[in-house]
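Me: Here is a complex to go through. Keep the answers short and end each on what was asked.

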Number of protein chains: 2
Amino acid sequence: MEKKAAKPREDQRVRLTKQMIQGAFLELLNQKSIQNITVKELCERAGVNRGTFYLHYHDVYDLLDQMQKALLAELNALLDGTPVLFINTPRETSGAFITALVQFFDNNRELCAVLLGENIDKKFLAAVIDAPRDKSVREYRALFPNASRQKIEIFYYFIAWGFIGLIQQNLRHPSAFSFKTLVSSAERIITEGVQFLAEPDG
Amino acid sequence: MEKKAAKPREDQRVRLTKQMIQGAFLELLNQKSIQNITVKELCERAGVNRGTFYLHYHDVYDLLDQMQKALLAELNALLDGTPVLFINTPRETSGAFITALVQFFDNNRELCAVLLGENIDKKFLAAVIDAPRDKSVREYRALFPNASRQKIEIFYYFIAWGFIGLIQQNLRHPSAFSFKTLVSSAERIITEGVQFLAEPDG
DNA sequence: AAAGATAATCAACATTGTGTTCATAAATAG
DNA sequence: CTATTTATGAACACAATGTTGATTATCTTT
């Protein structure tokens with residue numbers, strides 16, 4: 001049996017401190033690469049003592065890690081329950097998961113833009129790509145029992161990278177196209193391939 | 001008029017030094033993230049004086065940059081001459097560019113695996129994605145005059161990310177599938193979408 | 001509201017890597 | 001062979017790191 005720890009609710013001081021630090025961190029990440037961000041300047045900007053920083057994080061990369069992990073926990077929660085497939089079968093509308101996924105990126109726009117941006121390593125990207133993999137592959141296997149596992153994985157990775165690529169593009173240039181356009185376009189590309197370019201919009 | 005500098009051919013000592021440093025760098029990058037690599041340990045492993053390192057590079061990230069730039073110059077050379085399109089039109093075979101591109105990754109396997117791996121930022125990835133963009137978009141516009149620029153760019157990014165995703169997957173797990181399989185699969189996914197999974201192999 | 005527990009602050013400290021400099025030795029190109 | 005270029009080794013000031021201990025401030029619980 002698991003004991004539901006009934007979260008003691010984090011000390012308000014800790015919450016505020018972390019909030020200040022993470023806020024300053026995001027500001028800095030919008031200005032420069034992570035390797036040029038020092039604990040010292042981060043704390044000065046956050047208005048927090050440097051010693052306090054080390055009370056919560058081992059270093060700047062640990063801070064990044066913790067923020068990533070929190071986000072990924074949120075993302076993984078989306079995987080429970082709903083089927084995951086980008087498309088259920090040709091021409092159907094997008095599932096609940098894909099909607100929730102897009103909303104997830106929209107809700108965490110600033111942080112996701114940084115984590116998927118050029119200044120930071122690919123650990124978050126890799127985690128996002130891999131998160132829905134197993135479940136997705138299973139669903140594809142059910143839909144296409146004759147397709148080999150290799151084939152399905154190739155298809156999965158192609159689609160997943162393509163989709164995240166569009167997400168990244170949107171996060172960097174929000175005005176280029178909307179998330180709504182993104183989802184419907186991805187759906188049509190997945191179901192029809194290049195035909196997408198030949199057909200009329202809508 | 002440009003004066004073709006007729007490269008004076010780099011001093012042998014310099015060539016050897018850089019080779020040693022870059023070799024040690026790759027070794028280290030296979031072991032740990034770049035942020036944990038210090039100039040000191042890098043030079044010790046390379047058997048090069050630390051002062052010598054600073055004679056050629058400003059810091060570890062400058063070293064990375066120079067290696068990236070050299071690779072990207074090679075890649076951009078592939079863009080001259082040949083048409084670039086992943087597929088010319090449904091069901092045709094892949095063009096010269098895509099073949100050269102795959103060979104490029106194969107020839108520079110170790111370095112590309114690192115540059116597209118998780119430990120490093122996304123600058124190289126972004127550059128690889130964007131390199132063929134303009135040319136590619138132009139060619140798509142010619143093939144599909146009725147498609148909007150937005151539509152074409154969306155298609156381009158989806159395909160480009162998907163393709164590089166498969167490349168990355170292969171670089172990390174070379175045994176999962178061959179480059180040959182990769183190319184033919186990508187072609188079929190692009191032309192047919194999910195149908196790819198329904199059809200028999202080959 | 002008081003008491004005990006927890007967190008934040010501040011100053012100090014040893015440590016480590018950085019980036020530069022200089023004199024010297026070694027290798028190279030012409 | 002000679003002038004030039006490069007690598008070496010040691011020394012240096014500097015900056016950020018990560019930790020410590022004493023003190024103050026703030027929370028939580030009763």
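Reply: A salt bridge here is a side-chain nitrogen of Lys or Arg within 4 Å of a carboxyl oxygen of Asp or Glu. This is a predicted model: local features need pLDDT of at least 70, side-chain atom pairs count only at pLDDT 80 or more, and totals for chains, interfaces and linings use all residues. Side-chain values use heavy atoms, without hydrogens and water, residues are numbered from 1 along each chain as its sequence is written, and chains are lettered from A and ligands numbered from 1 in the order in which they are written.

Me: Which residue of chain A meets B:Lys151 in a salt bridge?
Reply: The rule finds two salt bridges across the interface of chain A and chain B. In one of them, the N to O distance is 3.1 Å. The side chain that meets B:Lys151 is that of A:Asp201.

Me: How many residue pairs are in polar contact across the interface of chain A and chain B?
Reply: A polar contact is a pair of N or O atoms within 3.5 Å; within protein, one must be able to donate a hydrogen and the other to accept it, and residues adjacent in sequence count only if both atoms are side-chain atoms. Both residues must be at pLDDT 80 or more. Across this interface, the number of such pairs is 21.

Me: Which element gives the most to the side of chain A that touches chain B?
Reply: Helices are DSSP runs (H or I, at least four residues), numbered from the N terminus. Those giving two or more residues to this side are α7 (123-130), α9 (149-172), α10 (179-192) and α11 (195-198) of chain A. With 15 residues, the top contributor is α9(A).

Me: What area is buried between chain A and chain B?
Reply: Buried area is the accessible area (1.4 Å probe) that two parts lose on being put together, summed over both. Carbon and sulfur atoms give 71% of it here. The total is about 4,600 Å².

Me: Which three residues supply 19% of the area that chain A buries against chain B?
Reply: No other three residues supply more. They are A:Lys122, A:Phe158 and A:Leu197.

Me: What share of the atoms of DNA strand C within 4 Å of the protein belongs to sugar or phosphate?
Reply: A phosphate oxygen of the strand lies 2.7 Å from a polar side-chain atom of A:Thr52. Another contact puts a phosphate oxygen 3.2 Å from an N or O atom in the side chain of B:Tyr54. Bases make up the rest of the atoms, and the sugar or phosphate share is 67%.

Technical notes:
A residue is near a molecule or strand if one of its heavy atoms lies within 4 Å of it.
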